[in-house]
Amino acid sequence: MKSFVAVTVLFALALTQHDRALSAPTDPWTALGFVEGSWVAHTQGGSAGAQSNGTYTFRFELKHHVLVRRSDSAACKGPANYDCEHSDVLYVYRDAENQPLKAIYFDNEGHVIHYAVSTPDSATAMFVSDASPYGPQFQLVYELKDAVMSGKFQMRMPGQAEWKSYLEWSGAKK
(Lines give C-alpha, C1' and ligand atoms only; values in the text may rest on other atoms or scores of the structure.)
Protein backbone atom coordinates (compact mmCIF):
# COMPACT_ATOMS: atom_id res chain seq x y z
CA MET A 1 0.00 0.00 0.00
CA LYS A 2 2.84 2.41 0.84
CA SER A 3 4.42 1.89 -2.59
CA PHE A 4 1.04 2.55 -4.27
CA VAL A 5 0.71 5.85 -2.37
CA ALA A 6 4.31 6.79 -3.21
CA VAL A 7 3.79 6.05 -6.92
CA THR A 8 0.52 8.01 -6.90
CA VAL A 9 2.19 11.02 -5.25
CA LEU A 10 5.11 10.91 -7.71
CA PHE A 11 2.69 10.67 -10.63
CA ALA A 12 0.67 13.63 -9.34
CA LEU A 13 3.85 15.69 -8.93
CA ALA A 14 4.96 14.81 -12.46
CA LEU A 15 1.59 15.91 -13.86
CA THR A 16 1.77 19.18 -11.92
CA GLN A 17 5.25 19.92 -13.27
CA HIS A 18 4.11 19.02 -16.82
CA ASP A 19 1.12 21.38 -16.55
CA ARG A 20 3.38 24.19 -15.28
CA ALA A 21 5.77 23.64 -18.18
CA LEU A 22 2.91 23.83 -20.68
CA SER A 23 1.42 26.97 -19.12
CA ALA A 24 4.73 28.78 -18.54
CA PRO A 25 5.23 31.69 -20.90
CA THR A 26 7.80 30.98 -23.59
CA ASP A 27 10.78 33.26 -23.87
CA PRO A 28 10.18 35.46 -26.93
CA TRP A 29 13.93 35.91 -27.39
CA THR A 30 14.35 32.16 -27.84
CA ALA A 31 11.74 32.22 -30.60
CA LEU A 32 13.83 34.80 -32.49
CA GLY A 33 17.10 32.91 -32.06
CA PHE A 34 16.96 31.53 -35.61
CA VAL A 35 17.68 34.99 -37.10
CA GLU A 36 20.84 35.55 -35.06
CA GLY A 37 24.04 35.88 -37.08
CA SER A 38 25.27 37.53 -40.27
CA TRP A 39 23.42 36.86 -43.50
CA VAL A 40 23.97 37.53 -47.19
CA ALA A 41 21.09 39.24 -48.99
CA HIS A 42 20.46 39.06 -52.73
CA THR A 43 17.37 41.02 -53.81
CA GLN A 44 15.25 39.25 -56.39
CA GLY A 45 11.83 40.85 -56.41
CA GLY A 46 9.46 43.53 -55.35
CA SER A 47 8.14 46.75 -56.76
CA ALA A 48 11.31 48.73 -55.92
CA GLY A 49 12.84 47.44 -59.15
CA ALA A 50 16.28 47.24 -57.54
CA GLN A 51 18.90 44.54 -57.78
CA SER A 52 21.43 44.51 -55.01
CA ASN A 53 23.67 42.41 -52.85
CA GLY A 54 24.32 43.18 -49.25
CA THR A 55 24.54 41.83 -45.76
CA TYR A 56 22.66 42.12 -42.50
CA THR A 57 23.41 40.98 -39.00
CA PHE A 58 21.09 40.18 -36.10
CA ARG A 59 22.94 40.35 -32.78
CA PHE A 60 21.78 40.36 -29.18
CA GLU A 61 23.12 43.33 -27.23
CA LEU A 62 22.77 44.92 -23.78
CA LYS A 63 22.90 41.61 -21.90
CA HIS A 64 20.35 40.01 -24.21
CA HIS A 65 17.73 42.74 -23.68
CA VAL A 66 17.81 44.05 -27.26
CA LEU A 67 18.16 42.29 -30.61
CA VAL A 68 19.78 44.60 -33.16
CA ARG A 69 19.72 44.17 -36.93
CA ARG A 70 22.05 46.28 -39.04
CA SER A 71 22.10 46.12 -42.81
CA ASP A 72 24.20 47.51 -45.61
CA SER A 73 23.92 47.23 -49.35
CA ALA A 74 26.90 46.64 -51.63
CA ALA A 75 26.56 46.22 -55.38
CA CYS A 76 23.31 47.86 -56.37
CA LYS A 77 21.40 48.78 -59.50
CA GLY A 78 18.05 50.50 -59.25
CA PRO A 79 15.81 53.23 -60.58
CA ALA A 80 16.75 56.86 -59.97
CA ASN A 81 14.42 57.12 -56.95
CA TYR A 82 15.97 54.09 -55.21
CA ASP A 83 18.77 54.73 -52.68
CA CYS A 84 21.51 52.26 -53.61
CA GLU A 85 23.53 53.37 -50.59
CA HIS A 86 20.76 52.31 -48.22
CA SER A 87 21.56 51.30 -44.66
CA ASP A 88 19.31 50.77 -41.68
CA VAL A 89 19.04 49.54 -38.14
CA LEU A 90 16.22 47.68 -36.39
CA TYR A 91 15.98 47.38 -32.60
CA VAL A 92 13.80 44.63 -31.12
CA TYR A 93 12.91 45.14 -27.46
CA ARG A 94 10.33 44.72 -24.70
CA ASP A 95 8.94 47.65 -22.70
CA ALA A 96 8.81 45.45 -19.61
CA GLU A 97 8.98 41.83 -18.50
CA ASN A 98 6.06 39.72 -19.79
CA GLN A 99 5.24 42.33 -22.44
CA PRO A 100 5.20 41.47 -26.15
CA LEU A 101 8.19 42.21 -28.30
CA LYS A 102 8.26 45.45 -30.26
CA ALA A 103 10.68 46.86 -32.79
CA ILE A 104 11.67 50.24 -34.13
CA TYR A 105 13.35 50.78 -37.51
CA PHE A 106 15.52 53.69 -38.66
CA ASP A 107 17.24 54.20 -42.00
CA ASN A 108 19.55 56.70 -43.67
CA GLU A 109 16.60 58.20 -45.59
CA GLY A 110 14.91 59.33 -42.37
CA HIS A 111 12.24 56.62 -42.18
CA VAL A 112 11.08 55.47 -38.74
CA ILE A 113 8.71 52.51 -38.40
CA HIS A 114 7.31 51.02 -35.18
CA TYR A 115 6.49 47.29 -35.31
CA ALA A 116 4.74 44.64 -33.25
CA VAL A 117 6.76 41.42 -33.40
CA SER A 118 5.50 37.84 -33.62
CA THR A 119 6.89 34.40 -34.39
CA PRO A 120 4.05 32.34 -35.86
CA ASP A 121 6.33 29.30 -36.11
CA SER A 122 9.91 28.31 -35.27
CA ALA A 123 11.32 29.60 -38.57
CA THR A 124 9.29 32.78 -39.19
CA ALA A 125 9.48 36.24 -37.66
CA MET A 126 6.93 38.91 -38.54
CA PHE A 127 7.18 42.63 -37.87
CA VAL A 128 3.91 44.48 -38.53
CA SER A 129 3.32 48.21 -38.12
CA ASP A 130 0.02 49.66 -36.99
CA ALA A 131 -2.54 50.38 -39.69
CA SER A 132 -3.16 54.02 -40.47
CA PRO A 133 -6.02 55.67 -42.38
CA TYR A 134 -3.50 58.15 -43.81
CA GLY A 135 -0.64 56.05 -45.15
CA PRO A 136 0.70 52.58 -45.77
CA GLN A 137 1.02 49.81 -43.22
CA PHE A 138 4.33 47.92 -43.32
CA GLN A 139 5.27 44.30 -42.79
CA LEU A 140 8.74 42.81 -42.56
CA VAL A 141 8.97 39.01 -42.74
CA TYR A 142 11.95 36.70 -42.21
CA GLU A 143 11.65 32.99 -42.96
CA LEU A 144 14.37 30.36 -42.64
CA LYS A 145 14.07 27.32 -44.88
CA ASP A 146 16.84 24.84 -45.71
CA ALA A 147 19.54 27.15 -44.24
CA VAL A 148 18.45 30.05 -46.48
CA MET A 149 16.89 33.15 -44.94
CA SER A 150 14.28 34.84 -47.11
CA GLY A 151 12.95 38.27 -46.37
CA LYS A 152 10.17 40.54 -47.57
CA PHE A 153 9.49 44.19 -46.92
CA GLN A 154 5.83 44.67 -47.80
CA MET A 155 3.21 47.36 -47.61
CA ARG A 156 -0.49 47.85 -48.07
CA MET A 157 -2.49 51.01 -48.40
CA PRO A 158 -5.53 51.81 -46.23
CA GLY A 159 -8.49 49.66 -47.23
CA GLN A 160 -6.36 47.05 -49.00
CA ALA A 161 -6.32 43.47 -47.75
CA GLU A 162 -3.35 42.23 -49.73
CA TRP A 163 0.31 42.92 -48.90
CA LYS A 164 2.53 43.99 -51.82
CA SER A 165 6.27 43.38 -51.74
CA TYR A 166 8.54 46.37 -52.13
CA LEU A 167 11.72 44.31 -51.69
CA GLU A 168 12.38 40.58 -51.44
CA TRP A 169 15.72 38.97 -50.69
CA SER A 170 17.33 35.71 -49.71
CA GLY A 171 20.72 34.35 -48.76
CA ALA A 172 22.66 32.00 -46.55
CA LYS A 173 24.40 32.66 -43.26
CA LYS A 174 27.93 34.03 -43.63
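This briefing covers the largest pocket, one buried glutamine and the salt bridges of the structure above. The model is predicted. Its largest pocket holds about 620 Å³ of space, and 30 residues line that pocket. Four salt bridges are present in the structure, and three of them are described below.

**Largest pocket**

- The volume of the largest pocket is about 620 Å³.
- Among the 30 lining residues, Tyr82, His86, Asp88, Tyr105 and Leu167 lie closest to the centre of the pocket.
- Strands that each give at least two residues to the lining are S1 (37–45), S2 (51–61), S3 (66–77), S5 (101–107), S6 (112–121), S8 (137–145), S9 (148–156) and S10 (164–172).
- S2 provides the largest share of the lining, with five residues.
- By residue class, the lining has 14 nonpolar, 10 polar and six charged residues.

**Glutamine 137**

- Glutamine 137 belongs to strand S8, one of the strands that supply at least two residues of the pocket lining.
- Glutamine 137 is classed as buried because its relative accessibility is 10%, under the 20% cut-off.
- A polar atom of the glutamine 137 side chain lies 2.7 Å from the backbone oxygen of serine 129.
- Leaving aside residues up to four places away in sequence, glutamine 137 is in contact with Val128, Ser129, Asp130, Ala131, Gln154, Met155, Arg156 and Trp163.

**Salt bridges**

- Side chains of opposite charge can pair when their charged atoms come close.
- Glutamate 61 and arginine 59 form a salt bridge through their side chains, with an N to O distance of 2.8 Å.
- Both partners count as partly exposed: glutamate 61 has a relative accessibility of 24%, and arginine 59 has one of 45%.
- Aspartate 95 and lysine 102 also meet in a side-chain salt bridge, at 2.6 Å from N to O.
- In this pair, aspartate 95 is exposed because its relative accessible area is 52%, over the 50% cut-off, whereas lysine 102 is partly exposed at 32%.
- Glutamate 97 pairs with arginine 94 in a salt bridge whose closest N and O atoms are 3.2 Å apart.
- Glutamate 97 is exposed, with a relative accessible area of 60%.

Terms used. Residues are numbered from 1 along each chain as its sequence is written. This is a predicted model: local features need pLDDT of at least 70, side-chain atom pairs count only at pLDDT 80 or more; totals for chains, interfaces and linings use all residues. Side-chain values use heavy atoms; hydrogens and water are left out. On a 1 Å grid over the protein atoms alone, a cavity is a set of points where a 1.4 Å probe fits but cannot get out, and a pocket is an open set with protein on both sides within 12 Å along at least five of seven lines; lining residues have an atom within 4 Å of a point. Grid points are joined across faces, edges and corners, and a volume is the space filled by probe spheres set on the points. Helices (H or I, at least four residues) and strands (E, at least two) are DSSP runs, numbered from the N terminus. Ala, Val, Leu, Ile, Met, Phe, Trp, Tyr, Cys and Pro count as nonpolar, Asp, Glu, Lys and Arg as charged, and the others, Gly among them, as polar. Buried means under 20% relative accessible area, exposed over 50%, partly exposed in between (1.4 Å probe, protein chains only). A polar contact is a pair of N or O atoms within 3.5 Å; within protein, one must be able to donate a hydrogen and the other to accept it, and residues adjacent in sequence count only if both atoms are side-chain atoms. Contact means heavy atoms within 4.5 Å.
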